[in-house]
Amino acid sequence: MAEHKEEPVAESMMDKISDKFHGGDSSSSSSDSDDDKKGPAAGVKAKIYRLFGREKPVHAVLGGGKPADLVLWRNKKVSGGVLAGATAIWLLFEVMEYHLLTLVGHCLILSLATLFLYSNVCIFIHK
């Protein structure tokens, strides 16, 4: 029998919630119905309540623009690429114990070999 008593209460709560979302005026006494009677000017001046009492949105706090979009994951491909790159660098230097000077040296040798091969191929192609 306790279940029969809770079902109407749950249904009435669901009705109240659906009325709030759909803007129904058939709600019984609630604190929001008093705010609706103040007029349309009260809705315009209503303060937006944000988490932790912030006055500005997080995007504005982070400076806006592309860095804020990156941190807030607005463009998931770019943010994922940055995360993957940072993870690869961390794995390279911390886990594999690779050193920066060694990496720079290997990159310079690779670029020198690439330029050498490119210059020799260009000579044979133009003849």
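The following paragraphs go through this predicted model, from the whole chain down to single residues.

Residues are numbered from 1 along each chain as its sequence is written. As this is a predicted model, local features need pLDDT of at least 70 and side-chain atom pairs count only at pLDDT 80 or more, while totals for chains, interfaces and linings use all residues; side-chain values use heavy atoms, with hydrogens and water left out.

The secondary structure of the chain consists of seven helices and zero strands, where helices (H or I, at least four residues) and strands (E, at least two) are DSSP runs numbered from the N terminus. The order from the N terminus is accordingly α-α-α-α-α-α-α. A contact is a pair of heavy atoms within 4.5 Å. Among contacts between residues at least 6 apart in sequence, 0% join residues at least 24 apart. Of the 127 residues, 2% count as buried; buried means under 20% relative accessible area, exposed over 50%, and partly exposed in between (1.4 Å probe, protein chains only). The chain exposes about 11,600 Å², of which carbon and sulfur atoms supply 67%. Accessible areas come from the Shrake-Rupley method with a 1.4 Å probe, and for residues only the protein chains shown count as cover.

Confidence varies along the chain. The predictor's confidence in each residue is pLDDT, on a scale from 0 to 100. Its mean over the chain is 79, and 72% of the residues reach 70 or more. Among the elements, helix α2 (residues 31-36) has the lowest mean pLDDT, 49, and α6 has the highest, 96. Over residues 26-36 pLDDT stays under 50, and the model has five contacts beyond four places in sequence for this stretch. Where pLDDT is low, the predicted coordinates should not be read in detail.

Two stretches carry a record annotation. An unreviewed UniProt entry gives "transmembrane region" for residues 78-96 and 102-125; UniProt positions are given in the numbering used here, feature names are shortened, and annotations may be inferred rather than shown by experiment. In the model, residues 78-96 are 95% helix and 0% strand, with the end C-alpha atoms 26 Å apart. Residues 102-125 are 100% helix and 0% strand, and there the end C-alpha atoms are 35 Å apart.

The start of α6 can be read through Ser 79, which lies in that helix. Ser 79 is buried, at a relative accessible area of 4%. Leaving aside neighbours within four places in sequence, Ser 79 is in contact with Asp 69, Leu 70 and Trp 73. Of these, Trp 73 lies in the loop between α5 (65-71) and α6. Trp 73 is not a glycine, yet has a positive phi of about 60°, and is partly exposed at 39% relative accessible area.

Asp 69 also takes part in a salt bridge, with Arg 74, the closest N and O atoms being 3.8 Å apart. The criterion is a side-chain nitrogen of Lys or Arg within 4 Å of a carboxyl oxygen of Asp or Glu. A search of the whole structure finds one salt bridge. Asp 69 is partly exposed at 25% relative accessible area, whereas Arg 74 is exposed at 53%.

Further along the chain, Trp 90 is found in helix α6 (residues 76-95). Trp 90, Leu 91, Val 95 and Met 96 make a nonpolar surface patch of about 430 Å². Patches are made of residues with over 30% relative accessible area and no salt bridge, like charges being joined within 9 Å and nonpolar side chains (Val, Leu, Ile, Met, Phe, Trp, Tyr) within 5 Å. Glu 97 is found in the loop between α6 and α7 (100-126). Phi of Glu 97 is near 55°, a positive value in a residue other than glycine, and Glu 97 counts as exposed at 61% relative accessibility.
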